[in-house]
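The following explanation leads through the structure shown below, from the chain as a whole to helix packing, aromatic pairs and individual loop residues.

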Amino acid sequence: MGFALTILYIVVTIISPEQFGKDWASYHVVMYLAAITALASLPSMATYRYWKNSIQTYLLVGFTIAIALSEVAHGWLGGVVESWRMFLPSAAIFFFIVVNVTTIRRLKIVTLAAVASCLAVTVEALCGYYAGFHGEMFVLQTNISSPQEDVIGQLTRIRGTGFLSDPNDLAQILLIALPLAFIAWRRGRVVTNFFVVLMPAALLLWTTYLTHSRGGLLALTAVALMAARKKLGTSASTALAAVFILGMLALDFTGGRGISAADGSDRLEAWANGLEMFKSAPLFGIGFNGFTDLYEITAHNSFVLCLAELGLLGSTLWVALLVTTTSGLNRSIGAQKKRHPIKFFGLLPLFEASYINSAGALTRGPALSEGIISMKYSATREVLPAMVCPDTTGAGITIGPLHSPSVPQQWIVAMRLALVAFITTSWFLSRSYTTTMYLILGLATATIALQRGDKPNDRGHWIFSSIAVEVMLIVVIYGLVRLRH
């Protein structure tokens with residue numbers, strides 16, 4: 001029940017009840033659905049340990065507490081409830097996925113459900129763009145200004161509803177869905193792959209183009225660079241990425257808006273103000289959602305926003321969420337590359353365990369009845385009892401419940417590409433608390449947990465690496481601001 005409600009929660013959140021009218025928005029459908037899903041997820045929490053072995057779970061709990069402390073530090077106790085009311089619906093999507101996605105099959109279902117929801121939004125938005133269906137809801141007219149701040153035209157951009165009402169947000173989640181769509185790819189199924197994977201991918205790409213998002217262009221380039229690096233090498237893929245950016249600019253991907261430092265001067269000014277806010281309250285920050293109270297625009301950088309509003313405590317936990325998830329995916333990919341192919345149709349462990357004698361027959365007798373056979377391959381674990389003895393209980397055989405990594409490597413690679421898309425776009429957007437981040441973090445964390453099994457996670461190494469990354473980000477942002485001024 002909890003898994004089915006998790007899928008429903010993801011679909012309703014992405015599609016958003018707001019598109020059906022303001023009355024639906026006032027009913028707080030998502031909030032009530034989250035409460036019901038949380039209750040339905042309790043049995044899974046008690047049964048499975050995957051969520052307990054994921055460091056990201058504890059980091060997100062700490063991050064939620066840091067949001068509360070950012071309000072308490074400034075004496076506004078009532079702000080804790082208001083902050084959690086705004087943030088918890090986004091964080092809930094992470095917890096629901098991690099708790100209820102307990103099998104490989106469930107991982108595929110929930111991932112493709114998220115992709116299908118994004119496709120539903122793209123279809124609606126394209127109908128609004130081309131046919132005028134709820135045109136004001138799905139189409140945004142953006143003024144194009146000259147360097148002298150004069151309006152010289154308007155740019156038509158496509159968008160979604162709810163938390164996707166900004167074209168940049170729509171581009172971000174579509175670029176995350178793009179690599180995830182390839183989880184449905186099946187080798188040798190040409191027709192199926194064309195209709196189930198390639199056509200939806202083309203639809204996602206075209207809708208991303210119609211958002212005319214500059215951050216979306218750079219994120220698409222980063223995803224293409226990561227995907228091509230393995231086969232082409234770093235130098236060749238970097239050159240190809242540069243050509244790709246020039247080609248997209250020639251095709252007016254950004255709608256005539258530049259991506260140079262001069263075009264981003266307002267962002268650098270916002271970053272400078274964000275650093276000043278951080279200096280004024282370095283430990284707990286100025287308070288959740290308080291950036292625009294002190295400056296006219298938002299930070300236009302998820303890390304700067306988090307650093308200014310939540311201080312070192314919250315920003316370190318936020319960075320740690322991304323660092324641990326990225327490193328976990330990298331380790332999972334590396335571990336699968338080191339695996340040896342299964343030989344002898346999964347019977348190799350029998351030879352390694354020395355249960356086959358020199359004559360080629362299975363050893364029987366007291367030695368076997370007192371032994372413990374630990375099987376690493378699920379198929380062999382099912383067949384072995386019948387081969388050894390009709391009555392395995394009487395033989396005293398114990399089939400060890402050892403975990404075997406079984407998440408397909410291409411799925412893990414797709415998760416990493418989706419995470420790269422989010423990280424790239426978050427450098428230009430203030431999306432520290434939105435649903436998109438916790439959706440991809442939840443999917444990636446569930447992937448890592450299923451790959452690792454019940455092995456305890458090392459909860460110490462992430463501290464140094466996260467702090468190092470945070471210091472590097474602060475230095476880079478400070479350097480860019482100083483160069484600009």
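Among contacts in the protein chain between residues at least 6 apart in sequence, those joining residues at least 24 apart make up 75%. The model from which this value comes is a predicted one. Its protein chain contains 22 helices and 2 strands, and 49% of the 485 residues count as buried.

Helix α9, residues 167-180, offers a useful path into the packing of these elements. It may be followed through its contacts with α10, α20 and α21 in turn.

The axes of α9 and α10 lie 9 Å apart, and the two helices pack at an angle of about 155°. Because angles over 145 degrees count as roughly antiparallel, α9 and α10 are roughly antiparallel to each other. Their crossing is left-handed. On the α9 side, the contact involves Pro 167, Leu 170, Ala 171, Leu 174, Leu 175, Ala 177 and Leu 178. These meet Ala 201, Leu 204, Leu 205, Thr 207, Thr 208 and Thr 211 of α10. Sorted by class, the contact of α9 with α10 comprises 10 nonpolar and 3 polar residues, with no charged residues.

With helix α20, residues 409-426, α9 packs at an angle of about 165°, and the axes are 7 Å apart. This angle makes α9 roughly antiparallel to α20. The crossing of α9 and α20 is right-handed. From α9, the residues in contact are Gln 172, Leu 175, Ile 176, Pro 179 and Leu 180. Their counterparts in α20 are Ala 414, Met 415, Leu 417, Ala 418, Ala 421, Phe 422, Thr 425 and Ser 426. The contact of α9 with α20 has 10 nonpolar residues, 3 polar residues and no charged ones.

The third partner is helix α21, residues 435-452, whose axis comes within 10 Å of that of α9 and crosses it at roughly 20°. Since angles under 35 degrees count as roughly parallel, α9 is roughly parallel to α21. The crossing of α9 and α21 is left-handed. Here Gln 172, Ile 173, Ile 176 and Leu 180 of α9 make contact with Thr 436, Leu 439, Ile 440 and Leu 443 of α21. The residues of this contact divide into 6 nonpolar, 2 polar and no charged.

Which charged residue can be examined within α9 itself? Asp 169 lies in this helix. With a relative accessibility of 6%, Asp 169 counts as buried, because the cut-off for that class is under 20%. Leaving aside residues up to four places away in sequence, Asp 169 touches Phe 163, Leu 164 and Arg 431.

Aromatic residues provide another view of the model. A search of the whole structure finds 13 aromatic pairs. One of them joins Phe 194 and Phe 195, whose ring centres are 5.1 Å apart and whose planes stand at 90°, so the pair is edge-to-face. Of these two residues, Phe 194 is partly exposed at 39% relative accessibility, whereas Phe 195, at 53%, counts as exposed. A stacked pair is formed by Trp 206 and Tyr 209, with 5.0 Å from centre to centre and 25° between the planes. Both residues belong to helix α10, which spans residues 190-211, and they are 3 residues apart, about one turn of the helix. Trp 206 is partly exposed at 41% relative accessibility, and Tyr 209 is also partly exposed, with a relative accessible area of 21%. Elsewhere, Phe 63, Phe 87, Phe 288, Tyr 433 and Tyr 438 form one aromatic cluster.

Backbone geometry draws attention to two loop residues. Asn 289 lies in the loop between α13, residues 265-280, and α14, residues 291-294. Its phi is near 65°, a positive value in a residue other than glycine. Asn 289 is partly exposed, with a relative accessible area of 40%. His 300 is placed in the loop between α14 and α15, the latter covering residues 302-338. His 300 likewise has a positive phi, about 55°, although it is not a glycine.

Terms used
Residues numbered from 1 in each chain as written. Predicted model: local features only at pLDDT ≥ 70, side-chain atom pairs only at ≥ 80, totals over all residues. Heavy atoms only, no water. Axes fitted to C-alpha atoms, helices over the stretch in contact; angles between N-to-C directions. Helix = DSSP H or I, 4+ residues; strand = E, 2+ residues; numbered from the N terminus. Parallel < 35°, antiparallel > 145°, perpendicular 65-115°, else oblique. Left-handed = near helix turned anticlockwise from the far one by under 90°. Contact = heavy atoms within 4.5 Å. Nonpolar A, V, L, I, M, F, W, Y, C, P; charged D, E, K, R; others polar. Phe/Tyr/Trp six-rings, centres within 6.5 Å; stacked < 30°, edge-to-face > 60°. Buried < 20%, exposed > 50% of the residue type's maximum accessible area, 1.4 Å probe, protein only.
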